[in-house]
Amino acid sequence: MENKMFCYQCQETAGCTQAGVCGKTPEVAALQDLLVYVTRGLAAVTTRLRSEGGQVPRQTNHLITLNLFVTITNANFDKEAIRARVSETLQTKRELLALLHSREGLPEAALWEGSEAEYPAKAARVGVLATQNEDIRSLRELITYGLKGLSAYTKHANALLREDPELDAFLQKALAATLDDSLSVQELVDLTLEVGRYGVRGMALLDEANTGTYGQPEMTRVKLGVGSRPGILVSGHDLRDLEQLLEQTRDTGVDVYTHSEMLPAHYYPAFKKYPHFVGNYGNAWWKQREEFEAFNGPILMTTNCIVPPKPSYQGRLYTTGAAGYPGCRHIPGGVGEEKDFSPLIQQAKHCPPPTQLETGEILGGFAHHQVMALADQVVEAVKSGAIRKFVVMAGCDGRAKSREYYTQFARKLPGDTVILTAGCAKYRYNKLDLGQIGGIPRVLDAGQCNDSYSLAVIALKLKEVFGLADINDLPIVYNIAWYEQKAVIVLLALLSLGVKNIHLGPTLPAFLSPNVARVLVEQFGIAGIGTAEGDLELFLGEA
C-alpha cells in the first residue's frame with residue numbers, strides 16, 4: 001500500500017504511513033513536515049545572520065520555538081493553524097534574508113519561498129524519508145526530536161518572561177545542522193550529545209522561571225474529589241495559563257481543577273492562595289475521552305497531549321498556545337500578553353459540577369529543593385541500609401497494554417527502595433499507597449516531565465554528599481517510560497551528564513537505526529525492558 005505519510009516520532013508507532021496513531025491526518029502530517037522544513041531553513045538564516053554580527057529579534061526566537069512545539073506529538077491537529085505558521089515563517093525568513101551580507105552556501109530550505117499552492121508538493125518531498133542514508137536520517141531525527149523537547153521547555157520559560165539568547169542561538173544552529181549533508185555520523189553523534197547538554201541548560205532555565213515566579217514546590221496533599229460548583233479543567237503543562245485562569249475565575253462561582261501533567265501546579269506556594277483551586281481530576285492524558293466527558297464543564301488544553309475528542313464534549317474543549325484542534329475554540333495570546341478566558345468561564349457557569357471519579361488525596365511536591373530539605377534523613381536512610389536503591393521511573397504514560405509493566409514493577413519493588421518520578425508515567429503507580437521509609441514517602445514526585453531537571457539535581461547533589469567520583473556509583477537505577485519528544489530531551493540530558501545503563505520502555509524508539517542504537521548501547525548502556533520480575537532481578541539482584 002502506498003504511503004500517505006510517514007511519522008515515527010512517538011513510542012506507539014514503528015512508522016505511521018496511512019494515518020497517525022495519535023489521530024493526525026496525512027494532510028496535517030504533511031503540513032507539520034513542511035513547517036519543520038521551513039523552520040530549519042529559517043534557523044539556517046538566523047545562524048548566518050548571527051555569524052555576520054547581526055541581531056535576531058526575540059519574536060523570531062519565539063516563532064522558531066513555538067513552531068517546533070506545535071509539531072510535538074498530540075499538540076496540534078489544526079491544519080489551517082499549521083498552514084498559517086508555515087506562511088508566517090516564510091515571511092519572517094524573507095525579511096531576515098534581506099539583512100544578510102551573503103547568501104552563499106545557504107541550504108535550499110533557507111532560500112525556498114513557495115506559495116501556498118506549492119505547499120502540498122513541497123511537503124511530499126521534505127519529510128523524514130527525504131534523507132536516504134538510514135543512520136544520518138536517524139541522527140537527524142534524534143537531534144530534531146531533542147530540539148522539539150527543548151523548545152517545549154524554553155517556550156514555558158519564555159511565557160514567564162525568561163530568556164536565554166545563547167540557548168536560542170544553539171537550538172537554531174543545531175536545527176540548521178540537520179540540513180548539512182557534509183556532516184558525518186560521528187559529527188552528528190557529537191551534536192546529539194551537545195543537544196543534551198543544552199537540554200540541561202533549558203531545564204535549568206525553566207526551573208528558575210517556575211520557582212522564581214511561583215515559589216519552590218513543597219510537599220503537598222492534593223484532593224482527588226470534586227466540589228459542588230461548576231468547574232474548568234486545565235490540562236497540558238503551562239503554569240502561566242493556569243495562573244491567568246485562576247485570576248480570572250476569582251469570585252465567579254467557578255472552580256478550577258488540574259488534569260494529568262498539571263497536577264504538580266498544586267505543589268507551588270503561589271497557587272495555594274486560590275480557594276477555588278480545588279484539586280486534581282482524573283489520570284494520565286490517554287484516559288481523557290472518558291474523563292473529559294465526565295467532567296461536564298469546559299476543558300483548557302494548554303499544550304500537547306490532546307486525544308481527538310468525542311462529539312459529546314468537543315464544544316467544551318478549548319486550546320491555547322501550541323495546542324490546536326479543528327472545531328475547538330482557540331484562545332490567542334503570545335509571550336507577555338494577557339489571555340481572555342471569559343468564554344470558558346461563561347460556559348462553565350451553565351454546566352453541572354464534575355462527576356466524581358475518585359476520592360482521597362495524593363502526595364507530591366518532591367522537587368529538588370524539597371528533597372534537599374530532607375537530605376539528612378535521606379543520607380541517614382541510605383547509610384543505615386533502610387534505603388537500598390532509588391529507582392528513577394520518570395517519563396510518559398501511554399495507552400499500550402505493555403505499560404502495565406510499570407505498575408507491576410512498582411508493586412513488586414521491595415520495601416527498601418524509593419521511586420523518583422516526574423511526568424505522567426507516575427499515574428501508573430502514584431495511587432498504590434506504597435508507604436514510607438522512616439517518614440520518607442516511597443514515591444517522590446518531582447512534578448511534570450518539565451521538572452525532570454529536579455531528578456538530575458538530586459542525583460548530582462547525592463553524588464556530592466557521598467563524595468563519589470562518578471554519578472553511576474550512586475545507588476540509583478533508571479527505568480524510564482517514554483512517549484514523545486520531551487522524553488527524548490530528558491534522555492539526552494541524562495546522557496550528557498554521564499548517566500549510563502538507562503532502561504527505556506516499553507519499546508526503544510523506532511527512529512533509532514540499528515547502527516545508532518548500537519552506539520547508544522555500547523557507549524551508554526542503553527537497554528530496553530523485559531518482565532517486571534526479570535528486571536527486578538537485573539536491577540536489585542533478586543526476584
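## Salt bridges around helices α3 to α5

In this predicted model, K122 and E108 are joined by a salt bridge in which the closest N and O atoms are 2.9 Å apart. The pair links distant parts of the chain, since K122 belongs to helix α5 and E108 to helix α4, 14 residues apart. The two partners can also be described by their exposure: K122 counts as buried, with a relative accessibility of 7%, whereas E108 counts as partly exposed at 44%.

A salt bridge also connects the side chains of R94 and E113, with an N to O distance of 2.9 Å. Because R94 lies in helix α3 (residues 79-97) and E113 in the loop between α4 (108-111) and α5 (119-125), this pair ties together parts that are 19 residues apart in sequence. R94 is partly exposed, its relative accessible area being 32%, and E113 is likewise counted as partly exposed, at 37% relative accessibility.

## A pair within one helix, and a network

The structure holds 28 salt bridges, and one of them is formed by R240 and E243, whose closest N and O atoms are 3.0 Å apart. These two residues stand three residues apart in helix α9 (residues 239-248), so they are separated by about one helical turn. Elsewhere, salt bridges that share partners join E27, K79, E80, R83 and E116 into one network. In general, side chains of opposite charge can pair when their charged atoms come close.

## The six-stranded sheet

Six strands form an open sheet with parallel pairing, in the order β4-β3-β2-β5-β6-β7. At the edges stand β4 (277-280) and β7 (329-331), and because each has a single partner strand, one side of each is left without a neighbour in the sheet. On average, and with direction ignored, neighbouring strands of this sheet are turned by 30° against each other.

Within the sheet, strand β5 (residues 299-301) pairs with strand β6 (residues 317-320) in the parallel sense over three bridges, and the bridge partner of I299 in β6 is L317. Helix α10 (residues 288-295) packs on the sheet, where it touches β2 (231-235), β3 (255-258), β5 and β6, and the direction of this helix makes about 160° with that of β2.

## Helix α16

Helix α16 covers residues 452-465, which amounts to 14 residues, and it reaches 20 Å from its first C-alpha to its last, close to the 20 Å expected at 1.5 Å a residue. Among the buried residues of α16 are S452, Y453, S454 and L455, and the buried set also includes A456, V457, I458, A459 and L462. Just after this helix, G467 takes a positive phi of about 65°.

## Backbone details in the loops

Two residues have a positive phi although neither is a glycine: L161, at about 65°, and D251, at about 60°. L161 is found in the loop between α6 (134-159) and α7 (165-177), and it counts as exposed at 57% relative accessibility. D251 has its place in the loop between α9 and β3, and with a relative accessibility of 82% D251 also counts as exposed.

A further backbone detail concerns the peptide bond that joins G505 and P506, which is cis, with omega at about 5°. P506 is placed in the loop between β15 (503-505) and α18 (514-524).

Key
Residues are numbered from 1 along each chain as its sequence is written. This is a predicted model: local features need pLDDT of at least 70, side-chain atom pairs count only at pLDDT 80 or more; totals for chains, interfaces and linings use all residues. Side-chain values use heavy atoms; hydrogens and water are left out. Helices (H or I, at least four residues) and strands (E, at least two) are DSSP runs, numbered from the N terminus. The expected span of a helix is 1.5 Å times one less than its number of residues. Buried means under 20% relative accessible area, exposed over 50%, partly exposed in between (1.4 Å probe, protein chains only). A salt bridge is a side-chain nitrogen of Lys or Arg within 4 Å of a carboxyl oxygen of Asp or Glu. Two strands pair if DSSP finds at least two bridges between them. Axes are lines fitted to C-alpha atoms, for helices over the stretch in contact, and angles run from 0 to 180 degrees between N-to-C directions. Contact means heavy atoms within 4.5 Å.
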